[in-house]
Amino acid sequence: MSREQEAGDRGVVMSGSRMDRAVLDLTLAIHGAVAWRYRFADDTLTCSGDGLDRLLGMPGAGVESLQARLRELLEPVIVSAATTSVWRDLELEQPLEDQHGVARRLHVRARPVGQGRSTELVGIATDARACGEEARQLAILADRYRLLAELSPDAICVHQDGLLTYVNPATVRLVRAESDEQLLGHPISEFVAEPSLRDLRQRVARLTEPGMASESTEVRLRCMDGDTVLIESVSVRTEWNGHPAFQVLMHDITAQRRAEHALREQATHDDLTGLLNRRGMNEILTWLTSGESKQLGLVFCDIDNFKRINDSLGHEAGDELLIALARQLSASVPQECTVGRLSGDEFLVITADLDAVGGLQALTRRISEALRIMVPIRDQMVSVSASTGGALLTGSMTGQDLLRYADVAMFHAKSRGPGRISLADSRIISAAEGQLQLEGELRHAIRSDALTLHYQPIVDGDGTTVVGEALLRWSHPERGLLDPGTILAAAEQGDLMRELDQWVLRTALADAARWPSCNDTPPAVAVNLGGLLPGDPDFLDAVTEIIANSGVPFDRVVLEVVETALVDLSPQTHQAMSDLADLGVRFALDDFGTGYSTLSRLKELPVHILKLDRTFVTKIDTDQVDHAIARAVVTMTHAMDRICVAEGVETHEQLQVLRSLEVDQYQGYLVAHPQPAAAFRARLATRP
């Protein structure tokens, strides 16, 4: 057959445009098929599509040989078409072997065409093995999918026309049914709780084409036992038995959401009292101040003398007291209020409807009265009161502004005595703004080295300076020289105490490194700690690093802490102090006699110096009680082989009595006033 004739015949078989012929060739190639045409009139067979040699297992054979072999295999179809009186499609499978003797099967499908009696046949020939393999693979895939669906831990169901037509075992377990029979044929709406049902219908309505899937969403399902579960579901438009349907994949997230809720509760609630903690109250404040509420009020409460109660009765008793006060406060405030515990002995009450609670002053007074009670703790009746401050949201205040103003009002109330109340008026708010500005200026002063240190000598019985105590000074550009009390108050309010301590320690050590020797030994340098305390996890590392970097020997460093800071030391805190003491650092107990240490507790403290508080020194020469207390402190200090330092020595009479009691060292205006660093260094150079 010539190429021109073959092309013409192909044109007969593939009538239509060139695009039609190209599409037909592509379709045949995809399926590995060959199109053929047989004319009864001249007994001729023509083929279309590549791959006849592969189909017949005759690679490299010529066109005539291939068509002749195909003619033999088509013989039964040709005879049947010539003799049958009924027009219908004809199918046939023929066995054959390829050139290597491998058995194959040829699948033929033919259709008679023409007017009247059949004048020709057109058909498709394919490899029966390929068709069978494809069907087998599809069956395998279907079995695998069915197995995956049956074994899936996630629930899978199909609903058609709103009725369940398939559920896997996980679905049965999810809704706590006994078998799939309880579910099949039932409306899916029976198992979807409102308002999830409304959302489900809207999502399904948007799936208009096969294969379209919805976004993952949370749905609450009703179980057979009446309980509900929360699921994450995705719906997919599909077919079931040839008709449109929806397949739903469901993952139970009930436990996950409960765990998330528990974590959130833990993050926003106080473990001890169960009240909202600082984070939880801040979230409420942020939410309320972002709305339109103009009746937002806040009351800040601080328990009076709680530290004394906590230190004298123990922390467990202190916890019992806080729990009792939390219950009392929660039971006493109106239902329009939310109660929280910020930290320690600080409580907070928020209301978004001041009118409903009688106004800010009435609420503040009610809370103050509720916390003025007697509480039974460890077989003792403990008298309790609280200082309370109230603030009202006005103008452009933020939640943090409101909290700060209430805090300042509380401090104002506390300054007037226990159990008092105060409201944040314009004067208090103005003072709070000034305090906030001072905190920012102090932060800048610390980081720009704008602070200075003065040093007060501590001398022994011979008048030799043995220690220089660093005392903080700040020459404010507008307010002048600020006293330590003002500086420390701003540092405490601005959470700068730790940063301030580190600055003082570094600066004092840098000054001490240049001090001349007194009697061949440079004096030690003493630094008061108020924020960087032994209880901090990184106290040991921070102090060790600062001292090591200064070049000052560890045995020239004295760290002063107040007595109450060392009450109830943990083993870790005790070990940190002991490690520093092993390096040579000495600890001094400042203001001794004003705290609550017992003798047994004091014996355990890793301190080397006890500083007798100035309150017992002022009248030591005239007051028998102060004299007796001082004598007892000196005797106890020496019995424990420690050094006793008397603070606030201002007269010769005081000094004479203290010497008679054999006090080891002295500090006060009689010895010397605090001096700038240069003056103190000059003193050391000119005096023994």
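Which residue takes a positive phi in the hairpin of strand 12 and strand 13? Select Gly344: its phi is positive, near 50°, and the hairpin has 2 residues between the strands. Keep in mind as you click around that this is a predicted model.

**Stop 1: the two arms of the hairpin**

Now colour strand 12 (337-343) and strand 13 (residues 346-351). They pair in the antiparallel sense, over 6 bridges. For one of the matched pairs, pick Thr338 and look across to strand 13, where Ile350 is its bridge partner.

**Stop 2: strand 13 from both sides**

Stay on strand 13 and show its side chains. In a regular strand, side chains alternate between the two faces of the sheet. Here Glu346, Leu348 and Ile350 are on one side, while Phe347, Val349 and Thr351 are on the other. Are these residues buried or exposed? Both sets are buried, so both faces of the strand are covered. That makes 6 of its 6 residues buried.

Next, add strand 11 (297-303). It runs antiparallel to strand 13, and 6 bridges join the two. Click Asp302 and you'll find it opposite Glu346 of strand 13.

**Stop 3: the whole sheet**

Zoom out to see an open sheet of 5 strands, in the order 12-13-11-16-17, with mixed pairing. Strand 12 and strand 17 (421-423) stand at the edges; each has a single partner strand, so one side of each is left without a neighbour in the sheet. On average, neighbouring strands here are turned by 20° against each other, direction ignored.

**Stop 4: helices on the sheet**

Select helix 9 (residues 278-289), which packs on the sheet and touches strand 11, strand 12 and strand 13. Its direction makes about 135° with that of strand 12.

Then select helix 13 (residues 399-415), which packs on the sheet as well. This helix touches strand 11, strand 12, strand 13, strand 16 (386-392) and strand 17, and its direction makes about 140° with that of strand 16.

**Stop 5: the nonpolar cores**

In soluble globular proteins, nonpolar side chains tend to be buried together. The largest nonpolar core here has 69 residues, and Leu442, Leu451, Tyr455, Phe539 and Leu559 touch the most other members. Helix 16 (residues 497-512) gives the most to this core, with 8 residues.

Centre your view on Leu451. Leaving aside neighbours within four places in sequence, its contacts include Leu442, Leu472, Trp474 and Trp503.

For a last selection, try Phe306, Val333, Val339 and Val384: they are among the 28 residues of a second, separate core.

Terms used
Residues are numbered from 1 along each chain as its sequence is written. This is a predicted model: local features need pLDDT of at least 70, side-chain atom pairs count only at pLDDT 80 or more; totals for chains, interfaces and linings use all residues. Side-chain values use heavy atoms; hydrogens and water are left out. Two strands pair if DSSP finds at least two bridges between them. Helices (H or I, at least four residues) and strands (E, at least two) are DSSP runs, numbered from the N terminus. Axes are lines fitted to C-alpha atoms, for helices over the stretch in contact, and angles run from 0 to 180 degrees between N-to-C directions. Contact means heavy atoms within 4.5 Å. Buried means under 20% relative accessible area, exposed over 50%, partly exposed in between (1.4 Å probe, protein chains only). A nonpolar core is a set of buried Ala, Val, Leu, Ile, Met, Phe, Trp, Tyr and Cys residues joined through side-chain atoms within 4.5 Å.
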